[in-house]
Amino acid sequence: MYAQMVESEASNDDPEKLAEFQARIDADIKIEPKDWMPQGYRKTLIRQIGQHAHSEIVGQLPEGNWITRAPTLQRKAILLAKVQDEAGHGLYLYCAAETLGVSRDEITEMLLDGRMKYSSIFNYPTLNWADIGAVGWLVDGAAIMNQVPLQRTSYGPYSRAMIRICKEESFHQRQGYDAIRKMAEGTPEQRKMAQDAMNRFWYPSLMMFGPSDKDSVHSAQSMAWKIKINTNDELRQKFVDQTVPQAEYLGLTIPDPDLTWNEERGHYDFSEPDWSEFFDVIKGNGPCNVDRLAARNKAWDDGKWVRDGLLAHARKKQAGNLAAE
Amino acid sequence: MNTEWPLWEIFIRGQHGMSHRHVGSLHAPDAEMAIKNARDVYTRRNEGVSIWVVEANNISASSPSDKGPLYEPSESKVYRHPTFFDIPEEVGAM
C-alpha cells in the first residue's frame, strides 16, 4: 500500500450535516470537490492522496537508478516507459489532492521538508538488475492489491485517478515478473541474483500494507468514509496468497520457513515482517531515506530557474498580447 | 508573487467522431506547454486524437446547492420521453 498509517482526523461538524454526508457515502454516491464535506474527511484525504502521490514520485528513484544500465535496449525502453508512468500517476494524484484546497507547491514542500511521508518501500536500495524485476513484480503487485479496491473510494477525483492508474499498473507488474523470470530461468548466477532480490524485497513488500489490524488505530473512521476499503491484514493475506504460486512457478523460495498452506482457512499462513524495522524506516532511518529526500530537494531546487523562466516568459507574452489588442 | 504555474483542465477526443471529454488537469505556464504536458500525461497509450486545454479559472460551474432548482423541474415532465406515449401495435414502429 502506498499510503501507510494515515491518521484519520476527528470532525467537529454539525451532526445533522455529518449524518447526511454519511448517508450519501453509504448509498455509494460520490463526493465531489464543491460538495460539503467534514473537515476531517478533507484533511485525512489530503494526507492520504498526498502520501500516495509522493510515493509515485519518490518511487521513480530506485528504478531510475537502473535505466542507464538495463541489460538490453528493449528492457531500457520498457523501464523508461514504466518510470514515466509513475510520474504520470503522481500527477493524477496531486491534481486530485489539489481539488481539496491544498496547492501543488504546498504539498510538494511538505514532502521536501519531511512533514509528509511516502511509502516505506522506497527507502530500500535497488542493488542490481534483479531488483528491478522484484520491484515490478512484488512492489507493484502489492500496490495493485490496494489500488484496485480504491477505484471505488467515495471521493470522485481520487476514484477517477485510481481508475486511470489501475489501467496502467498491470503493465508494471507484468514487466517486472517477465524480467525476473528471465533471470530465474537463466544461468546459476542469474538465478542466485533473482533469489537474492526476492529475499530482500519480500518482507519490505509485506510492510507496504501497514501495521497489523490490531495496531491500526485509524482504520475505522477511514473505512466508514470509504477512503480505505479493506483492512491492512486482509490485503496482506491476499497478496501472499497471490504471490506464492507465482514464486513457485519461478522456482524461487519465499524467505519464510513458516510459510504453509492452511487448508482450514483456505489461505497461506506466513510470518509477520519485523515491525520494529518498519517503524524505524518510517521514522527516517531506512537505508535510503536521506538519499531519497536529498534527490527530491535537489530536483526541486535545480528546476527553480526553469519554472520561473517559463512563467516569466508566459506573463511577458500575455502582456504583449494585451498591449497589441 | 505567486510563482506556481496555473492549473489547466484537459479535454481529449478519444477517437475520431467522439466529443472531447474531461480527463483531468495539470499545471503549465501557458497553453502551448499545457498541450505538450497533456500529451505526456494523458495520451501515453494512444488515448487521443485531439487535445483541448482550458485554464481552470476560466471555467464557471454550477454549484451543488443549485441542484434542486436546476434539475428538479425536468423530473415532472415525463411526457418528454417517447415511452410516455402508447402507440397501438397495429401502427407499427414509430
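Let's start with a single residue: Arg200(A) is partly exposed, with 26% of relative accessible area. Everything here comes from a predicted model.

**Salt bridges in chain A**

The side chain of Arg200(A) meets that of Asp196(A) in a salt bridge, 2.9 Å from N to O. Asp196(A) is partly exposed too, at 31% relative accessibility. Both residues sit in helix α8 (residues 188-207) of chain A, and because they are four residues apart, about one helical turn separates them. As a general point, an α-helix has 3.6 residues a turn, so residues three or four places apart point the same way.

Asp308(A) and Lys304(A) follow a similar spacing: they lie four residues apart in helix α13 (residues 304-324) of chain A, about one turn of the helix. Shared partners also link Glu63(A), Lys82(A), Glu86(A) and Asp140(A) into one network of salt bridges. Over all chains, the count comes to 23 salt bridges.

Here are three of the pairs:

| Salt bridge | N to O distance |
|---|---|
| Arg200(A) and Asp196(A) | 2.9 Å |
| Asp269(A) and Arg265(A) | 2.7 Å |
| Asp308(A) and Lys304(A) | 2.6 Å |

The partners in the last two rows are partly exposed: Asp269(A) at 27%, Arg265(A) at 39%, Asp308(A) at 28% and Lys304(A) at 42%.

**A covered helix**

Helix α5 (residues 104-112) of chain A is mostly covered, with seven of its nine residues buried. Among them are Ile107(A), Met110(A), Leu111(A) and Leu112(A), along with Arg104(A) and Asp105(A). What do the buried residues of α5(A) pack against? Their neighbours are α2 (39-58), α4 (73-98) and α12 (289-302) of chain A, together with β2 (20-27) of chain B. Just after α5(A) comes Gly114(A), which has a positive phi of about 85 degrees.

**The sheet of chain B**

In chain B, three strands make an open antiparallel sheet, ordered β2-β1-β3. Strands β2 and β3 (50-55) of chain B are at the edges with a single partner strand each, so one side of each has no neighbour in the sheet. From one strand to the next, the twist averages 25 degrees. Strand β1 (residues 7-13) of chain B is joined to β2(B) by seven bridges, and Arg13(B) has His20(B) as its bridge partner in β2(B). Helix α1 (residues 31-42) of chain B packs on the sheet and touches β1, β2 and β3 of chain B, its direction making about 105 degrees with that of β2(B).

**A nonpolar patch**

Chain B also carries a nonpolar surface patch of about 760 Å², whose members include Tyr79(B), Phe84(B), Phe85(B) and Ile87(B). Ile87(B) is in the segment after α2 (67-75) of chain B, and is partly exposed at 41% relative accessible area.

Terms used: Residues are numbered from 1 along each chain as its sequence is written. Chains are lettered from A and ligands numbered from 1 in the order in which they are written. This is a predicted model: local features need pLDDT of at least 70, side-chain atom pairs count only at pLDDT 80 or more; totals for chains, interfaces and linings use all residues. Side-chain values use heavy atoms; hydrogens and water are left out. Patches are made of residues with over 30% relative accessible area and no salt bridge: like charges are joined within 9 Å, nonpolar side chains (Val, Leu, Ile, Met, Phe, Trp, Tyr) within 5 Å. Accessible areas come from the Shrake-Rupley method with a 1.4 Å probe; for residues, only the protein chains shown count as cover. A salt bridge is a side-chain nitrogen of Lys or Arg within 4 Å of a carboxyl oxygen of Asp or Glu. Helices (H or I, at least four residues) and strands (E, at least two) are DSSP runs, numbered from the N terminus. Buried means under 20% relative accessible area, exposed over 50%, partly exposed in between (1.4 Å probe, protein chains only). Contact means heavy atoms within 4.5 Å. Two strands pair if DSSP finds at least two bridges between them. Axes are lines fitted to C-alpha atoms, for helices over the stretch in contact, and angles run from 0 to 180 degrees between N-to-C directions.
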